[in-house]
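Work through the exercises below with the sequence and the model open beside you. Try each task before reading its solution.

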Amino acid sequence: AALDQTIVATSVPTISNQLHSSSGFVWIGGAYLLANAVAAPIWTKLSDIWGRKHMLLLALAWFFASSIACATAKTMNAFIIGRAFQGTAGGGLINLVNVILSDLFSMR
């Protein structure tokens, strides 16, 4: 998920060319990062309620499903929506890993 924030930037011209749309060029990265920032505190609060493991597995499954949605997108709008869902899941993955690590090790 952390790599996904930056790695897509190198393939944006190819993606725009394949989907025959240059209008969504900026939103490919923007949708991911915006959704990531919005969803991160929600995932951590839900992990307080329902447990870390369940939320981490849900975020992982969500990321996997949204990656498939992006891979099979036929239009730029579908791809941008898929990237937004990826960002939502990515926010959960990144934050929940940090939360789980802080639960495992005490501060010294």
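The exercises cover confidence, two helices, a loop and a group of aromatic rings in a predicted model.

**Exercise 1. Confidence**

Find the mean pLDDT of the protein chain, and state which element has the lowest confidence and which the highest.

Solution. Step 1: take the chain as a whole. Its mean pLDDT is 90, and 100% of its residues reach 70 or more. Step 2: go to the elements. Confidence is lowest in α1, where the mean is 81. The highest value belongs to α3, at 96. Step 3: keep a general caution in mind. Predicted coordinates should not be read in detail where pLDDT is low.

**Exercise 2. The course of α1**

Compare the end-to-end reach of α1 with the expected span, then locate its bend.

Solution. Step 1: count and span. Helix α1 has 15 residues, and from its first C-alpha to its last it reaches 19 Å. This is close to the 21 Å expected at 1.5 Å a residue. Step 2: the bend. At Ser11 the helix α1 bends by about 60°. A proline, Pro13, follows within four residues of that point. Step 3: the buried residues. In α1 these are Asp4, Val8, Val12, Ile15 and Ser16. Their cover includes α2, α3 and α4. Step 4: an exposed residue of this helix. Gln18 lies in α1 and has a relative accessible area of 58%, so Gln18 is exposed. The C-alpha atom of Gln18 is separated by 19 Å from that of Ser66, and the two residues are 48 apart along the chain.

**Exercise 3. Two residues of one loop**

Decide for His20 and for Ser21 whether each is buried or exposed, and describe the setting of each.

Solution. Step 1: place them. His20 is in the loop between α1 and α2. Ser21 lies in the loop between α1 (4–18) and α2 (27–50). Step 2: accessibility of His20. Its relative accessibility is 73%, so His20 counts as exposed. Step 3: the backbone of His20. Just after α1, this residue takes a positive phi of about 55°, although His20 is not a glycine. Step 4: accessibility of Ser21. The relative accessible area of Ser21 is 16%; buried means under 20%, so Ser21 is buried. Step 5: the surroundings of Ser21. Leaving aside neighbours within four places in sequence, Ser21 is in contact with Ser16 and Met76. The C-alpha atoms of Ser21 and Thr75 are separated by 8.2 Å, with their places 54 residues apart along the chain.

**Exercise 4. The two sides of α3**

List the buried residues of α3 and work out how they are arranged around its axis.

Solution. Step 1: the span. Helix α3 has 20 residues and reaches 28 Å between its first and last C-alpha, close to the 28 Å expected at 1.5 Å a residue. Step 2: the list. Met55, Ala59, Phe63, Ser66 and Cys70 are buried in α3. Step 3: the arrangement. Seen down the axis of α3, these buried residues fall within an arc of 80°, so they line one face of the helix. Step 4: the other side. There Lys53, His54, Phe64 and Ala71 are exposed. Step 5: the cover. The buried residues of α3 are covered by elements including α1, α2 and α4.

**Exercise 5. Aromatic rings**

How many aromatic pairs does the structure hold, and what cluster do Trp43, Trp62 and Phe85 form?

Solution. Step 1: the count. There are two aromatic pairs. Step 2: Trp43 and Trp62. Their rings lie 5.6 Å centre to centre with 70° between the planes, and the pair is edge-to-face. Trp43 in helix α2 and Trp62 in helix α3 (residues 52–71) are 19 residues apart, so the pair links distant parts of the chain. Trp43 is buried at 4% relative accessible area, whereas Trp62 is partly exposed at 32%. Step 3: Trp62 and Phe85. Their ring centres are 6.3 Å apart and their planes stand at 45°, so this pair is tilted. This pair also links distant parts of the chain: Trp62 is in α3, Phe85 in helix α4 (residues 76–104), 23 residues apart. Phe85 is partly exposed, with a relative accessible area of 42%. Step 4: the result. Trp43, Trp62 and Phe85 form one aromatic cluster.

How values were computed: Residues numbered from 1 in each chain as written. Predicted model: local features only at pLDDT ≥ 70, side-chain atom pairs only at ≥ 80, totals over all residues. Heavy atoms only, no water. Buried < 20%, exposed > 50% of the residue type's maximum accessible area, 1.4 Å probe, protein only. Contact = heavy atoms within 4.5 Å. Phe/Tyr/Trp six-rings, centres within 6.5 Å; stacked < 30°, edge-to-face > 60°. Expected span 1.5 Å × (residues − 1). Arc of directions from axis to C-beta. pLDDT = per-residue confidence, 0-100. Bend = angle between axes of the 7 residues up to and from the residue.
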